[in-house]
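Me: I should like to go through this structure by question and answer. Please take the domains, the strands, the helix crossings and the chain contact in turn.

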Amino acid sequence: MSLGSSLSIAVQAMLADQGALAVTSNNIANVNTPGYTREVANLEEAPPSQFGNLSYGGGVELSSIQSVRNNILQLRLNQETQNQGKLNTFTDGMNQIQTVFNEDAGTGLQSLLSNFFNSFQTLSSDPTNSGDRQAVIGAAQSLAAGFQQIAATLVQQQQNADQGVTQTVQQINQLTAQIANLNQQISTTSGAGLNSNSFEDQRDQLINQLSGLIDVQTIPANGNTVTLTTSGGAQLVVGNQSFNLQTATNPSTSFQDVYAQGTDITSTIQGGTLAGDIQLRDQEIPAIQNNLDTLAYNIETAVNTQNAAGYDLNGNPGGDIFQAPSGVSGAALNMTVSITDPNLIAASGDGTPGDNSNATALANLQSQNIVNGQNPISYYSGIVSQVGNDAETASTQLTGENLLIQQLNDQINSVSGVSLNEEGANLIQYQNAYTAASRVANVVDTLYQAAIAMVPST
Amino acid sequence: MSVRVNPNIIPDLVAGIAQTQQQLNQADQEIASGRSINQPSDNPAGTSALILNHASQSQTDTFQVNVSSLQTRLQTADSALSSAVTAINQAISLGVEAGNSDLSDTDRQAIVSQLSGIQQQLVSIANTSYSGTYLFGGSLVETQPFTLDSSSPSGVTYNGNNSTVSVQVNNSESVATNVPGSQLFLNSSGSVLGAIQGLITAVQNNSGISAASTALGTAASVFNGQRASYDSALTQLQSDGTFLSSEQTQLSTQENNIDAADLASASSAFSQASVAYQSLIEAESTVLQLPNLLTYLQ
């Protein structure tokens, strides 16, 4: 036990406090950095030394700089971010699709359907009236145009979702490359026993971004790296290597399928923007299209059949009013009126020009169960309410998800967020300790002087 | 050791402001449009009901227009038949006059002349057309129903048919819109045109005038009986029109119940959101200006 050891304890303390001050300064500097987890300087008592039967403490040392992060919360946040990403994209798509079924003002497809069938009703009160006959053709053309427009919009939405798939895959590949890089840096730094906190912060941020795009599972691996896969098991990042996703055109749909190392994983993607776009493109929109096609197909077929059961103004059996659809698929997009001569509308039931029974029958198709057991208006209202339901459900879930993520972020911040008050207090503490230690050094120096002064000069 | 709390609540305040903004927009949209349903997701079941309601209204409107145009057509027919009754009554008077045995050949010839005039008038009435179609030819509306035919015992050939045309006036009801000319003017129980021709022949030959007059009288009441169908059709159309009007009112009310904006609650939602918005803005501004320890450290 010597003056020297007291001095060295004081100096060591100054170094430790200096280090702690640096940590505090770093925290304060990063108070607004997104994803930054605050660091804590761990000061520990240095091992004591024994002199005779007395044990003297060894002072303080800065044993480690620890970042205060909660990995469990981060994992949960990433999970919810996947749901949010999917719901966000899906809800956006549904809201755009809804605009094409704008029935609230009564100017959507329902009014075209009603006008078409009712035009036969008007004709039935004056079957030879050329104006009424022309009006039937006009209403048929408007109806066909209405179906075509909705069908075309749905195709457009599908294409938008498809482009979204391509773009998202590109973004995913960029992120996984960056994450693999960070894995390398973290592994190297940790391996050398150094602090890899800021790399880990960056990696957490990137994984969270990735979660918004795809359903990524995080598995801790050697050397403080992480392995990332999709929940279906496709590899995304292993150590310092990233595995790109690829897109390839599906020959039957002409849309992009997503491949991971040669395997088609399109239908296994469950979260993130990618899942939202795929759900819109491959499930939701095709279902709406199929229902719309079913409606168009059955209307065209029933109207043509009924027209053929009657007689036109020339006394001949009626022909097709609509171009006969080749099948259900595409019936809406291709709906065309083939009749141009108003005289060919078969209003008569018995061939006489004044008979209207077939016109009445044509009008009444609107209340007959000609579309899969439902009448056309009822079937259409089912399509629209289904769209509304799907949009509303997703929107409600999204609101809940947003709230959940907000809460998780609050929790994470309460653990890892920088509090300027806390850092301010630490600043004072370390400053005082540093000052006190330097005082000690000062005193020891004085004592040295006194000891030296004891030896007389010759 | 106390629990550490989230040191940065600004993001939460910002999110809160965004949410109240959305509530403001939603209430505003409802007030501005006057409708509670502005897209299907606002109320999917309501949207479905609205579609069905709109379709019913559209159909009811069409029925009403049909009722209107039918009323005009039937009134035209009925007024033509009314002139026919006048003419037939004139013929009956002439028949009585012709039965007077004091008449000279010349007098009888004059009566025949007048009766022929009435016959032509009746044929002309029977050939009445409206809006380009013949009213009394059954369903052969583009063919002139009656042509004068001296070789025929009734003096005419009927070119129409015996069909009645019905028009639907609501979901469960149709109205017959014509009586075939054959039933009106050539009825087997009493043919007006046949009886006129018969009277003409009788007066010309000065034989069987009394029988011919009686036949004409019978035919006239048969005619009136047939004509009554138009009257009852018009009455039915009148009540159909009233029924459709009240149905239209009901449908409008139903539409309102489904879709009308509840202005009171939308306004109050708007006010509440405004107040919340205001409070959040103030809170955020206060929080942003709160000092921290570092501010005080010199």
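Reply: Domain bounds here come from an automatic or database domain assignment. The model is a predicted one.

Me: Into which domains is chain A divided?

Reply: One domain of chain A is assembled from two stretches, 3-68 and 418-454, and is called domain 1. The other domain is the stretch 75-407. The division of chain A is therefore into domain 1 (3-68 + 418-454) and domain 2 (75-407).

Me: How many residues does domain 1 of chain A bring to the contact with domain 2 of chain A?

Reply: The C-alpha centres of domain 1 and domain 2 of chain A lie 65 Å apart. The two domains nevertheless have a contact, to which domain 2 of chain A gives six residues. On the side of domain 1 of chain A there are three nonpolar, three polar and one charged residues. The number taken from domain 1 of chain A is seven residues.

Me: Which strands are the edge strands of the open sheet of four strands in chain A?

Reply: The order of this sheet in chain A is E5-E6-E7-E8, with antiparallel pairing. An edge strand pairs on one side only. The edge strands of chain A are E5 (216-220) and E8 (241-242).

Me: Which residue is the bridge partner of Val238(A) in E8(A)?

Reply: Strand E7 of chain A covers residues 235-238. E7(A) and E8(A) pair in the antiparallel sense over two bridges. In E8(A), the partner of Val238(A) is Gln241(A).

Me: Which residue takes a positive phi in the hairpin of E9(A) and E10(A)?

Reply: Strand E9 (residues 245-249) and strand E10 (residues 256-260) of chain A are antiparallel and pair over five bridges. Within this pairing, Ala248(A) stands opposite Asp257(A). Six residues lie between the strands of the hairpin. The residue with a positive phi, near 65°, is Ser254(A).

Me: At what angle do the axes of helix H2 and helix H6 of chain A cross?

Reply: Two packed helices are described by the angle between their axes and the distance between the axes. For H2 (residues 71-98) and H6 (residues 272-308) of chain A, the axes come within 6 Å. The crossing is right-handed. The angle is roughly 35°.

Me: How many polar residues are in the contact of H2(A) with H6(A)?

Reply: Among the residues of H2(A) that meet H6(A) are Gln82(A), Gly85(A) and Phe90(A), and among those of H6(A) are Gly272(A), Thr273(A) and Leu280(A). By class, the contact has four nonpolar and two charged residues. The polar residues number nine.

Me: Is H8(A) roughly parallel or roughly antiparallel to H2(B)?

Reply: Helix H8 (residues 376-416) of chain A and helix H2 (residues 44-98) of chain B have axes that come within 8 Å and cross at roughly 155°. Angles over 145 degrees count as roughly antiparallel. H8(A) is therefore, with respect to H2(B), roughly antiparallel.

Me: Which helix supplies the largest share of the side of chain A that touches chain B?

Reply: The contact takes 49 residues from chain A and 47 residues from chain B. On the side of chain A, helix H3 (109-124), H8 and helix H9 (420-454) each supply at least two residues. That side divides into 13 nonpolar, 30 polar and six charged residues. The largest share, 19 residues, comes from H8(A).

Terms used: Residues are numbered from 1 along each chain as its sequence is written. Chains are lettered from A and ligands numbered from 1 in the order in which they are written. This is a predicted model: local features need pLDDT of at least 70, side-chain atom pairs count only at pLDDT 80 or more; totals for chains, interfaces and linings use all residues. Two strands pair if DSSP finds at least two bridges between them. Ala, Val, Leu, Ile, Met, Phe, Trp, Tyr, Cys and Pro count as nonpolar, Asp, Glu, Lys and Arg as charged, and the others, Gly among them, as polar. Axes are lines fitted to C-alpha atoms, for helices over the stretch in contact, and angles run from 0 to 180 degrees between N-to-C directions. A crossing is left-handed if the near helix is turned anticlockwise from the far one by less than a right angle, and right-handed if clockwise. Angles under 35 degrees count as roughly parallel, over 145 as roughly antiparallel, 65 to 115 as roughly perpendicular and the rest as oblique.
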